[in-house]
Amino acid sequence: MSATHAAAAPRERESRHAAWLELFFDLVFVAFAAQLSHELHGDPGPRDFAVFLGLFFPPWWMWINLTVSANLFEDDGARRRLLMLFAMLCLAAMAAAVPEADTTRGAVYALGYAGTRLVLLGLWWPATRFPAPDRVPRWRPLSYCLLSGLLWAASAAVPSPWRYAMWAVLIGAEMILLLTARGRGVPGRLDTGHLVERVGLFVIIVLGESVLGLVTSMDDAWTGRAAVVAVLGFVLLAALWWSYFDFGSTTAELMLGSAEGMRAYLLARDVGGFLHYFVTAGILCMAAGLATAVEESGHAHLAQGAVAALAGGLALYHAAHAVIALRFGRSPAAVAVWAVPGIAIPVLVAVASNALAPWLVVLLLAAEAIAHLLYARTLSARRRKAETAA
C-alpha cells in the first residue's frame, strides 16, 4: 500500500512507462542485489540461505509497495520526489547492513526499513482525503505504515535472536493485512502494462547482477577453464532472459490486462508481489553460484553450497513460474510438461555434482534452460498456427 496525489486517480488511463524517478530509485536495488548475492558466494550452508531469503523479502516488498504507489497515482511533484529519495537512503543503509544484518548491523537494517514504512505513510496519507469511492480508510495507512514502522524501529533495541523473531512476526502481520484486504481500499485501477514493465525491470536488475558476477569473478580466475564456465553461464542467463521476456512477461501482461476488477488486483498481488519474490530470489542464487563456479573452475567439483545456489536457484525459478502458470489458470497437466523437467534436472545435477566438473554442471543447467526456451517457442508457434487456421 503506497500512494500520493492531490486528487483521486482517474479510472481509465493510457498505458505508460516507468518514470525517470522510478529508474533512479531502482539503482539502490542494484547495490542490494550485489550485497545479497555476495553473501551466497563460496560454500553457503542452510543458515546462509535462510538469512538470504529473510533479508531479501523486506526490500523486495518495499519495492513492490512503492511500485504500486507510482502505478496508481501519477505524481512527479517535489513532495513525492523527496519522499522517494529518502526511501533510497533508507534502503541504501539496509543494503550496507546486509553483510552483518543477522548480527552486529541488525539495528541499522531495522531502522532503515522503519524509515521506508514512514515514507509509505507520507505517500499514502493523501489518499485518505480522496472523494468517494476512492477514499482510503485512515486506519489502513496508520496500521500498515505507521504502526509497522514504529514496531520495526523498536526492534532495533531488541536483542538477538528475539529481534529476528519480531521481524518475522511483523512481516507475517503485513501479509495477513494485505491478504484480508482483497483489494479494498485501493483507489483506481492498476495500470497492468506499467506493473509488468516494472517487475520486468527488477528481473533485469537481478540478471544484470548475474552478468556482473561472471565478469568480476574472472579477476580471480583468469584461465581458459574459467572462461569456458563464464561463457556457459552467460548462455544460461541469456536463455532465461529470452524465455522470460518473450513468454513469461508477455503472458503476464495479457492475463493481467484482460482481468477485471477484483481479479485483476488479486492476480497482480499474487503474481507481481508474492511469486516474483521467488523468481528474483532464484536468479540471485544463480548469480552467486555462477560466480563461484567461475572462481572454482579448476577444482574437481563444486562445493555443495555453490551447487545448491546454482542448481537450486534454477529449480526455484522454474517452480515459481509453474505456480504463476497455475495461478493464471493453466491446467496442471500442461504446466507439468515443462515444470517437472525444469525442476527435476537441476535437482539431479545437484545430486550428481560430486562427480561433475564445474564446467559440466553449468553446461547441463544451460542445456536445460535452452531446451525450456525451445519448447516454449515451439508451443507458441503451434498456438499461432492453430489460431491462424481457425
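**Exercise 1. Burial and overall build**

Task: State what share of the 390 residues of the chain counts as buried, then describe the fold and its dimensions.

Solution:
- Step 1. Of the 390 residues, 53% count as buried. Buried means under 20% relative accessible area, exposed means over 50%, and partly exposed is in between, with a 1.4 Å probe and protein chains only.
- Step 2. Know the model. It is predicted, so local features need pLDDT of at least 70 and side-chain atom pairs count only at pLDDT 80 or more, while totals for chains, interfaces and linings use all residues. Numbering starts from 1 along each chain as its sequence is written, and side-chain values use heavy atoms, with hydrogens and water left out.
- Step 3. Count the elements. The chain has twelve helices and zero strands. Helices (H or I, at least four residues) and strands (E, at least two) are DSSP runs, numbered from the N terminus.
- Step 4. Judge the packing of the chain. Its radius of gyration is 21 Å, close to the 21 Å that the globule rule gives for 390 residues, so the chain is as compact as a globular protein of that length. The radius is taken over C-alpha atoms, and the rule is 2.2 Å times the number of residues to the power 0.38.
- Step 5. Box the chain. Along the principal axes, the C-alpha atoms fill roughly 65 × 65 × 35 Å.
- Step 6. Check the contacts. Of those with a separation of 6 or more, 84% join residues 24 or more positions apart. Contact means heavy atoms within 4.5 Å.
- Step 7. Look at the surface. The chain exposes about 16800 Å², and carbon and sulfur atoms supply 69% of that. Areas come from the Shrake-Rupley method with a 1.4 Å probe; for residues, only the protein chains shown count as cover.

**Exercise 2. Salt bridges between α1 and α7**

Task: Find which residues are linked with Arg198 in a network of salt bridges.

Solution:
- Step 1. Start with the total. A search of the whole structure finds six salt bridges. Each is a side-chain nitrogen of Lys or Arg within 4 Å of a carboxyl oxygen of Asp or Glu.
- Step 2. Take one partner. Arginine 198 bridges to glutamate 22, with the closest N and O atoms 3.0 Å apart. Arginine 198 lies in helix α7 (residues 192-217) and glutamate 22 in helix α1 (residues 20-38), so the pair ties together parts 176 residues apart in sequence.
- Step 3. Take another. Aspartate 26 meets arginine 198 in a salt bridge at 2.7 Å, N to O. Aspartate 26 lies in α1 and arginine 198 in α7, so this pair ties together parts 172 residues apart in sequence.
- Step 4. Check burial. Arginine 198 and glutamate 22 are buried. Aspartate 26 is buried too.
- Step 5. Conclude. Glu22, Asp26 and Arg198 form the network.

**Exercise 3. Two valines in the same two helices**

Task: Decide for valine 206 and valine 30: buried or partly exposed?

Solution:
- Step 1. Valine 206 sits in helix α7. Its relative accessibility is 1%, so valine 206 counts as buried.
- Step 2. Beyond neighbours within four places in sequence, valine 206 contacts Thr280, Ile283 and Leu284.
- Step 3. Valine 206 and phenylalanine 29 are 177 residues apart in sequence, yet their C-alpha atoms are 8.8 Å apart.
- Step 4. Valine 30 sits in helix α1. With a relative accessible area of 41%, valine 30 is partly exposed.
- Step 5. Between the C-alpha atoms of valine 30 and isoleucine 204 the separation is 9.9 Å, across 174 residues of chain.

**Exercise 4. A buried acid and a buried base**

Task: Locate glutamate 296 and arginine 117, and list their contacts.

Solution:
- Step 1. Glutamate 296 is in the loop between α9 (261-295) and α10 (304-327).
- Step 2. Glutamate 296 is buried but has no salt bridge; arginine 225, the nearest side chain of opposite charge, is 12 Å away. Lys and Arg count as positive, Asp and Glu as negative; His and the chain ends are not counted.
- Step 3. Neighbours within four places aside, glutamate 296 contacts Leu302, Ala303 and Pro358.
- Step 4. Arginine 117 lies in helix α4 (residues 106-124). Its relative accessibility is 0%, so arginine 117 counts as buried.
- Step 5. With the same neighbours left aside, arginine 117 contacts Trp61, Met62, Tyr144, Cys145, Ser148, Gly149 and Glu174.

**Exercise 5. A cis bond**

Task: Name the form of the peptide bond from serine 160 to proline 161.

Solution:
- Step 1. The bond is cis, with omega near 0°. Most peptide bonds are trans.
- Step 2. Proline 161 is in the loop between α5 (139-155) and α6 (162-181).
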